[in-house]
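Biologist: Could you pick one part of this model and take me through it closely, then work outwards to whatever it connects with? I'd like one connected account rather than a list.

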Amino acid sequence: MDKISIAIDGPASSGKSTVAKILANSFNFVYVDTGAMYRAITFLAIKHQVAFSDEEALAELTKRYPINFQQSVHGQLVFADGEDITQAIRQPDVTAAVSEVSAHRKVREELVEAQRQLAQLGGIVMDGRDIGTTVLPQAEVKIFLVASVEERAQRRYKENQEKGIEMDYEMIKEAIAKRDYLDSHREVSPLVQAADAELVDTTGMTIEQVVTKIKEVISSKGF
Ligand code: CDP
Ligand code: CDP
């Protein structure tokens, strides 16, 4: 496989990270979870008591605390400010605030630059909201994953149950719909399908079916 860049965008719980990891493994590519980077800045803002509205101070955090990914037998770990924040960035307080933090232009400028550096050598699968439109507009393959909000909420509900976390289905659905709205309506790099991205509606599809579909798209482009 040529060292191409594969951009996977879409709303919350559309299956981006799950299929991106499988694709990266099967092609021996690097996987970059850009959502984890916005979550890390949100975590740092809470830790250092920076207001989610303070664009300058949030941008400073991104400069002061580089975010590192490390591979482990338990999957990808996220480090910043001297600690393993892999679990902490998935907590509800971070999820509730991340769309506000990620809407700031200066925060995005810093993180987009870091993401482009990670992708410099190619051989990458990167998932997020603006990879095909802004971060890697030259990516050879662009996928836009969607699914009904009900199915996405159901997936998160099941995921929580498997982790032993009890969370009301309606609350999960509301939180996802709110994040969809904020991410799609912000001024800077909103969540939108790139003109040259392939739309894959994963409603009713298994993970294996989605992976197969994306591999077909990749082959159809001659890779
Ligand atoms: O995994 P989940 O779909 O819950 O979200 P995520 O990919 O971890 O992203 C968390 C949040 O970061 C999103 O709701 C966006 O507000 C923001 N984000 C972004 O603005 N741009 C990206 N490229 C990736 C994430
Ligand atoms: O990264 P993103 O937020 O887009 O979604 P994810 O974390 O990859 O997927 C959310 C949950 O949905 C995970 O528990 C996946 O196993 C599950 N999933 C699924 O059941 N069917 C799919 N076609 C894709 C994901």
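**The loop ahead of H1, and what surrounds it**

Modeller: Let's start at Ser13, which is buried, at a relative accessible area of 10%. Buried here means under 20% relative accessible area, exposed means over 50%, and partly exposed is what falls in between, using a 1.4 Å probe on protein chains only. Before going on, the ground rules: this is a predicted model, where local features need pLDDT of at least 70 and side-chain atom pairs count only at pLDDT 80 or more, while totals for chains, interfaces and linings use all residues. Residues are numbered from 1 along each chain as its sequence is written, chains are lettered from A and ligands numbered from 1 in the order in which they are written, and side-chain values use heavy atoms, with hydrogens and water left out.

Ser13 sits in the loop that joins E1 to H1. Helices (H or I, at least four residues) and strands (E, at least two) are DSSP runs, numbered from the N terminus. The backbone has an oddity here: phi of Ser13 is positive, about 65°, although the residue is not a glycine. Next door, Ser14 belongs to the loop too, with strand E1 covering 5-9 and helix H1 covering 16-27. Ser14 is buried as well, with a relative accessible area of 1%. If you set aside its neighbours within four places in sequence, Ser14 has contacts with Leu145, Val146, Arg152, Arg155 and Thr202; contact means heavy atoms within 4.5 Å.

The record has something to say about this stretch. An unreviewed UniProt entry carries a "binding site" annotation over Gly10, Pro11, Ala12, Ser13, Ser14, Gly15, Lys16, Ser17 and Thr18. UniProt positions are in the numbering used here, feature names are shortened, and annotations may be inferred rather than shown by experiment. The unreviewed entry also annotates residues 6-218 as "domain: Cytidylate kinase". In the model, the end C-alpha atoms of that span lie 9 Å apart, and the span is 52% helix and 17% strand.

Follow the chain into H1 and you meet H9, residues 207-220: the two helices pack at an angle of about 55°, with axes 10 Å apart. Axes are lines fitted to C-alpha atoms, for helices over the stretch in contact, and angles run from 0 to 180 degrees between N-to-C directions. That angle makes H1 oblique to H9; under 35 degrees would count as roughly parallel, over 145 as roughly antiparallel, 65 to 115 as roughly perpendicular, and the rest is oblique. The H1–H9 crossing is right-handed, meaning that the near helix is turned clockwise from the far one by less than a right angle, whereas anticlockwise would be left-handed. On the H1 side are Thr18, Val19, Ile22, Leu23, Ser26 and Phe27, and they meet Ile207, Val210, Val211, Ile214, Lys215 and Ile218 in H9. By type, the residues of this contact are 9 nonpolar, 2 polar and 1 charged. Nonpolar covers Ala, Val, Leu, Ile, Met, Phe, Trp, Tyr, Cys and Pro, charged covers Asp, Glu, Lys and Arg, and the others, Gly among them, are polar.

Thr18, then, is in the annotated binding site and also in the helix contact. Its partner Ile207 lies in H9 and is partly exposed, at 40% relative accessible area. Not counting residues up to four places away in sequence, Ile207 touches Thr18, Val19 and Ile22.

Past H1 comes strand E2, residues 30-33, where you'll find Val32. Val32 is buried, with a relative accessible area of 2%. Its C-alpha is 8.8 Å from that of Lys21, 11 residues away along the chain. Residues up to four places away in sequence aside, Val32 touches Phe69, Leu118, Ile124, Val125, Met126 and Asp127.

Leu118 leads on to another helix pair, as this H5 residue is among those met by Thr34, Met37, Tyr38 and Ile41 of H2. This contact has 8 nonpolar, 2 polar and 1 charged residues. The axes of H2 (residues 34-47) and H5 (residues 105-119) come within 11 Å and cross at roughly 140°, and the pair is therefore oblique. Their crossing is right-handed.

One last stop takes up the backbone theme. Gln49, in the loop between H2 and helix H3 (55-64), has a positive phi near 55° and is not a glycine. Gln49 counts as exposed, at 74% relative accessibility, whereas Ser13 is buried.
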